[in-house]
Amino acid sequence: MMENLSKEVIVYKLQAQQNKPTLGYLRAVAAKDGDSYVELDAINFCPSKKIFVTRDYEEIDNKFKEFELFKVTVIESMYDSEDTRPERNCKYVTKASEASLLKPREMVEIIVSTLPNPNEMTIGISKVPSTSYIYINDDGTCYGPFKWDQNEGDENNITLRKIDSPMPGRQLAGGNIYSAKFEDLNKHVLYCSLEEGERFYFENLTNLHNDTHLLTTDYSSDEDIVNNFIKIAKDIGFNDKKVDLASIEAKIKRFPKYNHKNFTEKLNKLKDISDAHLLFESEVIDGFSKFLRTELGEKVTKKYIDKNEDNYLSNIRDNYRAQLEDEFRKNNAELANLQEKIEFNKQELVNLGKEIEKANHIKVNSDVIDNLKVNEDLDQKVTQKKEQLTDLNEQIKPLLEKYKKLSSLNELEKKIEEATNEYKIEVKRQGEIEKETSSLKALFNEHEDKLRNRLLELKPFVEAINGNIGLSNKEVSKNVLQNVTPVDMSNSTAQDILKYIDYSMRKEDRNFSILDIINITVTLQQSFICFLAGLPGGGKTTLARLVAKIYGIQQQRFLEIPVARSWTGQKDLIGFFNPISNKFQSSSTGLYEFLYALSEEDKLIDLPVPMSLVLLDEANLSPLEHYWSSFMGLTDPKESKKLTLGDNQIQIPENLRFIATINYDSTTEYLSPRLIDRSPIIVLEPNSITTSIDEDIDQELPLEMPVPYEIMEKCFGKTKNRPEFIENEYRIYGKIKKVLEERNGELGKPIIISSRKEIAIKQYCNKARPLMREFSIDDKLSALDYAVLQMILPLLRGHGKNFSKRLNRLREVLSEEELVRSVDYLDTIINNGNADLHTYDFFCW
């Protein structure tokens, strides 16, 4: 099937299909090509130069005007049209939800017309503009940009408006526009020959406005100039009621920000506007004066006065009445003022008389002084009485408190009596409940004995159903003991082990490169679980079995478990505690017996043992996070590796490893981010395993398998001390981490690399790097390349065009540093994601 590649196209609507308003057609105009646009025609797009809308065309018809440009994402049609007519056969299709507005700065149409007077900005048009902003081409000179409005009821004219919002590129001063020769701006022009008529566009306002050929031109109207100077006058604090342009000019020139050429030109225009206004006003007044002095003017004046005589007399009468009322109000106000003064003087006379009378009575009031001593004695007696009253109040307070307590006591006695009655009732109820409880206990004991006897009778039958006849909790028949080949590391090296694995692979007619063998060996040794991924039939299960055979553990220490679709928990993989039999019931996989045997073996001190391996075949047919959850915490080296299964404490030995084979289709489950964070994923390409014919296939090697686990761990496993990157690896890893973790909305969601994952990459590079360099001198970054492919790229999952930008930045870093394996696989992710409507996933085969 042909890939459905999507692209963004600039279009305008045509019409709906007859009798099917949800379907319709769009005219393809242009498409993005780098930083510019390219015209779409029958050769580079589609013979019909149309796009077929497969759904909700009426939404597009309602949202966009006729000939209005907008953007839409299209994909190639998966079906060939039966209609072979060029005008109906559309190669590309879309739907209404993929349509979006075209930003004004992206494309601007060029209209051929005469630049109008700035005071009357109306121009004639032959067709409606297709963009929000336009430029005017006046006899080879371009002016703009402008907004425009369609004149109501007039399809042949539009009104221009200046743009008051910020513009891309260089900014314009108020009232100015850009201008330049059309031929000097050709590199910004896109010519489109369309069925509905040819059109010219400027492609990008930012690039256009930064072009040095564009000059600024003053296009201020009279209103703009007047308003500008009103604003300047307020700014400089000019508040004279009489407007004098000379005074304004002198005051404004004291401010440096206004003392420039542009201001001088606009000031001269303001003078011209003022002179023209005064001249027009003078001419109108003189004209009317001359006309009124003519015979005809006198007749007109007399006729008008006669016709409006009542109005004139009424106005005169009203004016005279208003004048009289105003004078009356003034006189009343003056009269009121005089009356207030009279009243004030009268009051002053009265006050003066009172003062005289008071002075005359001073001698009479001298007898009062003799009575003051008598009043003092009375005051002392009053004070004494007040003190006695205070003492009495103090004596009354304790009596009041005592009375309150007596009142409260009566209430308490009533409450105690009520509580006593309630207590007697509850005691009686308690006795009844105790009797009923005793009866129930006796009944329960009687039935419990019967139930226990019945269970004992049924126990043999239950154990027979569960398959537990003859087996106790500790009886596990699995034998995992296996002798190992003694290895003297003073005479043998990791290279000998790798040569043996390579030899064994070729002997089994499997041809892997030595770098792939190093990668598989180190990854398996350092990971509690690793995944083999790829297309069905790619050899994943065969490779896992082959590793067990080459390691010499296929008989006793290798367990293959086919995962079923319906697994939901630990009981399906290991087993469950049976409360009826009161012991752990193992599942049919045999994993419980395998783990129990390994745990018993681990108790034997100083016994050299090889690796033990469990294969989970088709592991993601069911969610691993559910049925493998018991082992999830064991992936961290610092965690205690113990499982509690029934009465048993199973010690998980250090030599145990899991290999899981996975596919991705509609029948499988996704791996969760926390599982991907804990395990590497080796992707097997279909051509990774090929038949090999080697002349030296029967060569003898000084090494036999299995070798002790401790030897494999020393050669290929993790170190106790945390290793670090070498210089180039540290620099490249830093660049990758920065690209993935940068929090930028234009790059989509960030991808976080955890500390656990970073430590795993360092451990892998520490062991794989020297081995790979020994076999491949020219490829110094192979170890980091494999680590990025298996441990970082599986984290990639997202959607949207912004996320694709992040992936493309990552590809630039990987390509620049020549990490070829990671680049190849990232290309697959990007290409498949672009074909899948910008949905990107590592598991994309």
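The legends below walk through several close-up views of this predicted model.

**View 1. Confidence along the chain, with a look at two low-scoring stretches.** Before zooming in, it helps to know how the predictor rated its own work: the protein chain has an average pLDDT of 82, and 82% of the residues score at least 70. Residues 469–476 fall below 50 in pLDDT, and the model gives this stretch 15 contacts beyond near neighbours in sequence. Residues 688–695 also stay under 50; here the model has 14 contacts beyond four places in sequence. Please read both stretches with that score in mind.

**View 2. Helix 19 packed against helix 20.** Here you can follow helix 19, made of residues 727–741, alongside helix 20, made of residues 755–775. Their axes lie 13 Å apart and form an angle of about 150 degrees. Since angles over 145 degrees count as roughly antiparallel, helix 19 is therefore roughly antiparallel to helix 20. The two helices cross in a right-handed sense. On the helix 19 side, look for E729, Y733 and K737; helix 20 brings E758, I761, C765 and R769 to the contact. By residue class, this contact has 3 nonpolar and 4 charged residues, with no polar ones.

**View 3. An open sheet of 5 strands.** Reading across the sheet, the strand order is 18-21-24-17-25, and the pairing is parallel. Strand 18 (558–562) and strand 25 (681–683) each have a single partner strand, so they form the edges, and one side of each has no neighbour in the sheet. On average, neighbouring strands are turned by 20 degrees against each other, direction ignored.

**View 4. Strand 17 beside strand 25.** This closer look shows strand 17, residues 529–533, pairing with strand 25 in the parallel sense over 3 bridges. To find your way, start at L532, which stands opposite I682 of strand 25.

**View 5. Helix 14 on the sheet.** Helix 14, residues 591–602, packs on the sheet and touches strand 18, strand 21 (612–617) and strand 24 (656–662). The direction of helix 14 makes about 165 degrees with that of strand 21.

**View 6. Two backbone details worth a pause.** The peptide bond leading from G144 to P145 is cis, and its omega is near 0 degrees. You will find P145 within strand 11, which covers residues 141–150. The other detail is N19, a residue other than glycine with a positive phi, near 70 degrees. N19 sits in the loop that links strand 1 (6–17) and strand 2 (20–33).

Terms used:
Residues numbered from 1 in each chain as written. Predicted model: local features only at pLDDT ≥ 70, side-chain atom pairs only at ≥ 80, totals over all residues. Heavy atoms only, no water. pLDDT = per-residue confidence, 0-100. Contact = heavy atoms within 4.5 Å. Axes fitted to C-alpha atoms, helices over the stretch in contact; angles between N-to-C directions. Helix = DSSP H or I, 4+ residues; strand = E, 2+ residues; numbered from the N terminus. Parallel < 35°, antiparallel > 145°, perpendicular 65-115°, else oblique. Left-handed = near helix turned anticlockwise from the far one by under 90°. Nonpolar A, V, L, I, M, F, W, Y, C, P; charged D, E, K, R; others polar. Pairing = 2+ DSSP bridges.
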